[in-house]
Amino acid sequence: MFESYFFFDYFLSSEKVLIYVVKANAFMMHQVRSMVGTMLQLAERKEEPQRMKELLQARERAAVLRTAPSDGLYLYNVEYEYEG
């Protein structure tokens with residue numbers, strides 16, 4: 001049986017740069033862009049951080065508030081676990 005895991009966190013590295021850390025063993029199309037866009041939308045609305053956790057736990061694509069544009073988002077690292 002396939003078991004998935006997911007980790008999402010962020011921090012401010014400078015006045016204009018946010019760094020998002022996303023770890024998972026599977027992704028859906030535009031998943032990271034949707035999460036980042038939703039996080040930015042929640043920040044603009046000054047909602048509590050708990051709201052993001054609720055949206056992630058709902059596991060409903062319709063809960064996405066905004067999809068972030070692809071420009072400005074950069075893939076930094078990819079790691080694979082070897083199961084041999």
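The questions and answers below go through a predicted model of one protein chain.

Me: In what pattern do the helices and strands follow one another along the sequence?
Reply: The predicted chain contains two helices and two strands. Read from the start of the sequence to its end, these elements come in the order β-β-α-α.

Me: What percentage of the residues in the chain is buried?
Reply: A residue counts as buried when its relative accessible area is under 20%. Among the 84 residues of this chain, the share that falls into the buried class is 18%.

Me: Which helix gives the most residues to the largest nonpolar core?
Reply: The largest nonpolar core is made up of eight residues, namely Y20, M35, V36, M39, L42, M52, L55 and A68. Both α1 and α2 supply at least two residues of this core. With four residues, the helix that gives the most to the core is α1.

Me: How many salt bridges does a search of the whole structure find?
Reply: One of the salt bridges is formed by E44 and R66, and in another the side chains of R51 and E47 meet. The search, which covers the whole structure, finds a number of salt bridges equal to four.

Me: How far apart are the closest N and O atoms in the salt bridge of E44 with R66?
Reply: A salt bridge requires a side-chain nitrogen of Lys or Arg within 4 Å of a carboxyl oxygen of Asp or Glu. In the pair formed by E44 and R66, the closest N and O atoms are separated by 2.8 Å.

Me: How many residues apart are E44 and R66, which link distant parts of the chain?
Reply: E44 belongs to helix α1, which covers residues 31-44, whereas R66 lies in the segment after α2 (50-58). The pair therefore links distant parts of the chain, with a separation along the sequence of 22 residues.

Me: Is E44 buried or exposed?
Reply: The relative accessible area of E44 is 52%, and a residue is called exposed when this value is over 50%. R66, its salt-bridge partner, counts as partly exposed at 29%. E44, by contrast, is classed as exposed.

Me: Why are E54 and R51 separated by about one helical turn?
Reply: The side chains of E54 and R51 meet in a salt bridge, with an N to O distance of 3.5 Å. Both residues lie in helix α2, and they are separated by about one helical turn because their spacing there is three residues.

Me: Which residues are joined into one network by salt bridges that share partners?
Reply: R51 meets E54 in a salt bridge at 3.5 Å, and R51 also meets E47 in a salt bridge at 3.7 Å. R51 is partly exposed at 33% relative accessibility, as are E47 at 30% and E54 at 38%. Salt bridges with shared partners join into one network the residues R45, E47, R51 and E54.

Me: What is the area of the nonpolar surface patch made by F11, V17 and I19?
Reply: One member of the patch, I19, lies in strand β2, which spans residues 17-24, and I19 counts as partly exposed at 32% relative accessibility. Together, F11, V17 and I19 make a nonpolar surface patch of about 230 Å².

Note on methods: Residues numbered from 1 in each chain as written. Predicted model: local features only at pLDDT ≥ 70, side-chain atom pairs only at ≥ 80, totals over all residues. Heavy atoms only, no water. Buried < 20%, exposed > 50% of the residue type's maximum accessible area, 1.4 Å probe, protein only. Core = buried A, V, L, I, M, F, W, Y, C linked by side-chain atoms within 4.5 Å. Patch = residues over 30% accessible without salt bridge, like charges linked within 9 Å, V, L, I, M, F, W, Y side chains within 5 Å. Areas by Shrake-Rupley, 256 points an atom, 1.4 Å probe, with all protein chains shown as cover.
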